[in-house]
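Here is a friendly walk through one protein chain, from its overall make-up down to single residues. Keep the sequence and the 3D view open as you read.

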Amino acid sequence: FSFLQERLRYVLGLLLLLHSTNSFYVPGVAPINFHRNDPVEIKAVKLTSSRTQLPYEYYSLPFCQPSKITYKAENLGEVLRGDRIVNTPFQVSMNVEKKCEVLCNFPNKPVTLTVEQSKLIAERIREDYYVHLIADNLPVATRLEFYSNREEEEKKKEKDVQFEHGYRLGFMDGNKFYLHNHLSFILYYHREDVEESQEHTYRVVRFEVIPQSIKLEDLKADEKSMCTLPEATGSAPQEIDPTKENQLLFTYSVHWEESDIKWASRWDTYLTMSDVQIHWFSIINSVVVVFFLSGILSMIIIRTLRKDIANYNKEDDIEDTMEESGWKLVHGDVFRPPQYPMILSSLLGSGIQLFCMILIVIFVAMLGMLSPSSRGALMTTACFLFMFMGVFGGFFAGRLYRTLKGHRWKKGAFCTATLYPGVVFGICFVLNCFIWGKHSSGAGPFPTMVALLCMWFGISLPLVYLGYYFGFRKQPYDNPVRTNQIPRQIPEQRWYMNKFVGILMAGILPFGAMFIELFFIFTIWENQFYYLFGFLFLVFIILVVSCSQISIVMVYFQLCAEDYRWWWRTFLVSGGSAFYVLIYAVFYFVNKLDIVEFIPSLLYFGYTALMVLSFWLLTGTIGFFAAPPFL
């Protein structure tokens, strides 16, 4: 009991350390200091919807455009995310208020939407699209205020505040569509400390918007592009009739407020989770349960092994010692090479690549070096790391292939470099074709696809060959016993030794260790930020430990049943938690997401299939390499 208390105290201390790490990040860009009247550029990122999962460019809709449209140069991650950052005609100056201003410079000539444009806007409103803008690289957010408890509403009248990423394009009332054509920007600045003789400098620390729908007749505009907002009680919303042309004005206002929030903490608004206590409790519960179950499994293994070894070493009855049973019967067949050694070593090589890539990415992100302010940095880093980790994947695959009596190392290296990446690229290409058909910005441009192919065959492939060459030349893994020339006949196995039953049994513990974190990861489908990499690193360590121990237990029981074909079975069974991830993804799709169309559903399950495949490779590789030391 004292040992359990000590272990729990250690876990709590580690969680506190990780939480403190999680609340800190190294900004992706240096802070920009503004003086009064300096321009603060408002840029558009994209339009997104959790119902369609298809991002679109900002100017795919007939918004007001500047005289010259300029797109920002983007990194690989931003392109793959569907970001298309572009300038907008909003004129915002530091600490300068604007009551109401017409966006397009035709105050006496409203914007006329054609029937096709009206239909498109109505369709996007029906699909619940959000508009994402940025100011000084800070995304816009919509403030949501609500009472958490009716009793508290009566007592304190205090509201809980949450922030929604972006703002809604519009809303529906019955069968009518209304567009948010007026944006009230609320920007918060932090005044920096300077000497008395110097001019004050300001930094943008929050960017909020209050979208409004105001009918054309209620907006009174003059020749200087200034307008007057109606009173809230007497204004009617701007309806968009998809069956005819519509006239409207796009307007905006700017309000500045001073804030105590410092520049380094300005992202806390977007990264704060609303249910932190539940998250903490679930993580601690998972850690305690996993350590407890791991202890039980370790005790079972030790006691069973001691009992078996004691039985084999008894010298009371000579005849009993001569009659072997259980795992000792198959000691001469345990290291017999399996079928398809090239495919097995290739998959395990890709698993090593994934393991190294994920470990480094999570660790670096936990230290705060891949903050959300560096858009696309996480995905870009993951892609490049996977390419460069090919040398390690090739090395382990080559050495294992030689251990399994393989001879065609060049073919094995090519298989390692192309099998898993080929499947990933093929699925992504097919999905990309469907996204292209929808004219979505989420579709990877053709030059980007060519660049990825060049990275694959120009970086990853040569590195895999290099690692495979040195791994194949290295001394193979030593087998402690000699393999018999004649394979031993395997007795008929009981029903619970079936592979699928083993997958179901072995996947429960690793999935139980991570399913809470999986829930938070899946909120990405709802356009939420995920930045709890401190927790994720801890969960990853628990996942490695649980997969390793489950693998050892399953191999031991298999050898006790006199079945020595453990190579493929260990790899398949250790990845059993991927099956539960697939089941959870289906559950999340049915209960959490409001996706009804074919292409969004195809995208969800296509990317889910990639995630499940990668997770199976990762956990299968962890379990496979944990088993041989036990043997």
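Helices (H or I, at least four residues) and strands (E, at least two) are DSSP runs, numbered from the N terminus. With that in hand, you can place Val424 in helix H11, residues 409-437.

## Before you start

This is a predicted model, in which local features need pLDDT of at least 70, side-chain atom pairs count only at pLDDT 80 or more, and totals for chains, interfaces and linings use all residues. Residues are numbered from 1 along each chain as its sequence is written, and side-chain values use heavy atoms, with hydrogens and water left out.

## The chain as a whole

The chain's secondary structure comes to 17 helices and 18 strands. Of its 631 residues, 48% are buried; buried means under 20% relative accessible area, exposed means over 50%, and partly exposed is in between (1.4 Å probe, protein chains only). About 32200 Å² of the chain is exposed, and carbon and sulfur atoms supply 59% of that area. These areas come from the Shrake-Rupley method with a 1.4 Å probe, and for residues only the protein chains shown count as cover.

Contact here means heavy atoms within 4.5 Å. Among the contacts with a separation of 6 or more, 82% are accounted for by residues 24 or more positions apart. Val424 offers a long-range pairing to look up: Val424 and Leu610 are 186 residues apart in sequence, with their C-alpha atoms 6.7 Å apart in space. Val424 itself is partly exposed, at 22% relative accessible area.

## Two disulfides

How many disulfides does the structure hold? There are two, where a disulfide is a pair of cysteine sulfur atoms within 2.5 Å. Counting the bonded cysteines in sequence order, the pairing runs 1-3, 2-4.

Cys64 and Cys104 make up one pair, with their sulfur atoms 1.7 Å apart. Cys64 sits in the loop between strand S1 (42-48) and helix H2 (76-81), and Cys104 in the loop between strand S3 (98-102) and strand S4 (111-113), so the bond ties together parts 40 residues apart in sequence. The S-S torsion of Cys64 and Cys104 is about -115 degrees, so this disulfide is left-handed. Cys64 is buried at 4% relative accessible area, and Cys104 also counts as buried at 17%.

The other pair joins Cys100 to Cys227, S to S 1.8 Å. This link connects distant parts of the chain, 127 residues apart: Cys100 in strand S3 and Cys227 in strand S15 (residues 227-228). Its S-S torsion is about -85 degrees, so the Cys100 and Cys227 disulfide is left-handed. Cys100 is buried at 1% relative accessible area, and Cys227 is buried at 9%.

## The nonpolar core

A nonpolar core is a set of buried Ala, Val, Leu, Ile, Met, Phe, Trp, Tyr and Cys residues joined through side-chain atoms within 4.5 Å. The largest one has 135 residues, and those touching the most other members are Tyr58, Phe90, Leu133, Phe185, Leu187, Phe207 and Trp256. Helix H14 (residues 533-560) gives the most to this core, with 16 residues.

Leu133 is a good residue to centre your view on. Setting aside neighbours within four places in sequence, the contacts of Leu133 include Tyr58, Phe90, Phe185 and Phe207. Another spot to visit is Asn95, in the loop between strand S2 (86-87) and S3. Asn95 counts as buried at 14% relative accessibility, and beyond its neighbours within four places in sequence, it is in contact with Arg36, Tyr189, Tyr202 and Trp256.

## Straight and kinked helices

The expected span of a helix is 1.5 Å times one less than its number of residues. Helix H8 (residues 341-366) has 26 residues and reaches 37 Å between its end C-alpha atoms, close to the expected 38 Å. H8 is followed by Gly368, with a positive phi near 95 degrees. Helix H16 (residues 577-591) has 15 residues and reaches 21 Å, close to the 21 Å expected. Buried residues in H16 include Tyr580, Tyr584 and Tyr588.

Where is the kink in H13 centred? It is centred on Phe515 and is about 50 degrees, the bend at a residue being the angle between axes fitted to the seven residues ending there and the seven starting there. Helix H13 (residues 499-522) has 24 residues, but its end C-alpha atoms are only 29 Å apart, short of the 34 Å a straight helix would reach.
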